[in-house]
Amino acid sequence: MTAAVREDLDLAPALVRASGEQFARAAADLLERVIAGKPDAVLGVATGDTPVPVYAELARRRTLGLRTDLLTLVALDEYVGLDPADARSYQHYVREEIAAPLGIPFGNVHVPSGLSETAGDDYERLILSLGGVDLQVVGIGRNGHIGFNEPGAEVTSRTRRVELAESTRRANAGFFGGDPEAVPTHAVTQGIATILSAREIVLLARGAGKAEAVAAAVHGEISSAVPASFLRRHAQVTAVIDDDAGGMLA
Ligand code: GLP
């Protein structure tokens, strides 16, 4: 049902280079192919700035007839301590930026709880009960994180509570009034193994701030030092990279 992680794999992700307005279209094409073939697909969704225009492009395509309201959404992560109603929570982001424009009932929106002690195990059970994730969208942090799997995360990791790197709290301060101290210190994130159990993965990266992490993920050693490098253990990964984020690729 879900793919096993192959320890011996080191596969180059398929690379799609697309900049400016083409970025959202190229990424939306990949999502649309899955959605059109399976309107009730389970879509794993990343938060952050990078995918915002991609979700907007999908919503535009909905107005042109693409059926999106039967999708189930599964988020990658959530901040610990934030109420789901908090406008800075990922629960709020996924509802407002993705589910509402795509016409998906909130009952089909799943985000790990930032308030429950058992959030990790609960979320693993939930993903299994949904039959796994058909297509997982992931972004990449400047330090190579995926979800909130910071450097040091193991390839075998599952959904769990993690501590955020200081650099991640600085990077995400914009969502918290510009104050890194206001960013929660911990999060609940799908693990690397959880992410790799999706049937297909699309990695999105825009901007020069991601160039080093993208190059390390694509060409560097596969290791916990760059969690995104573990995506090369999966056979169905496509990376959509703009010119700036791809600036250090060979
Ligand atoms: C955040 C999220 C990730 C996201 C990444 C990049 O901290 N936890 O899921 O992909 O960092 O975010 P952005 O697209 O805003 O650069």
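Q: Which residue in E8 stands opposite Tyr79, and what makes E4 and E8 a pair?
A: Tyr79 stands opposite Ala187 in E8. Two strands pair if DSSP finds at least two bridges between them. Three bridges join E4 to strand E8 (residues 186–189), so the condition is met; the two run antiparallel. This is a predicted model, in which local features need pLDDT of at least 70 and side-chain atom pairs count only at pLDDT 80 or more, whereas totals for chains, interfaces and linings use all residues. Residues are numbered from 1 along each chain as its sequence is written, and side-chain values use heavy atoms, with hydrogens and water left out.

Q: What makes E7 a partner of E8?
A: E7 and E8 share four bridges in the antiparallel sense, and Glu163 stands opposite His186 in E8. The requirement for pairing is therefore satisfied here too.

Q: Why are E4 and E7 called edge strands?
A: The open sheet has the order E4-E8-E7. Strand E4 (77–79) and strand E7 (160–163) each pair on one side only. Neighbouring strands of this sheet are turned by 30° against each other on average, direction ignored; the angle is taken between axes fitted to C-alpha atoms, on a scale from 0 to 180 degrees between N-to-C directions.

Q: Why is one side of E1 and of E5 left without a neighbour in the sheet?
A: Seven strands (DSSP runs of E, at least two residues, numbered from the N terminus) form an open parallel sheet in the order E1-E10-E9-E6-E2-E3-E5. Strand E1 (14–17) and strand E5 (109–110) stand at its edges with a single partner strand each, so one side of each has no neighbour. Four bridges join E1 to strand E10 (residues 237–241), and Arg17 has Ile241 as its bridge partner in E10.

Q: How do you know that Thr50, Asp77 and Asn172 make polar contacts with the ligand?
A: A polar contact is a pair of N or O atoms within 3.5 Å. An oxygen atom of the ligand lies 2.4 Å from a side-chain N or O atom of Thr50. A ligand nitrogen atom is 2.8 Å from such an atom of Asp77, and a ligand oxygen atom is 2.9 Å from one of Asn172. Each pair therefore falls within the cut-off.

How values were computed: Polar contact = N/O pair within 3.5 Å; in protein donor to acceptor, adjacent residues only side chain to side chain.
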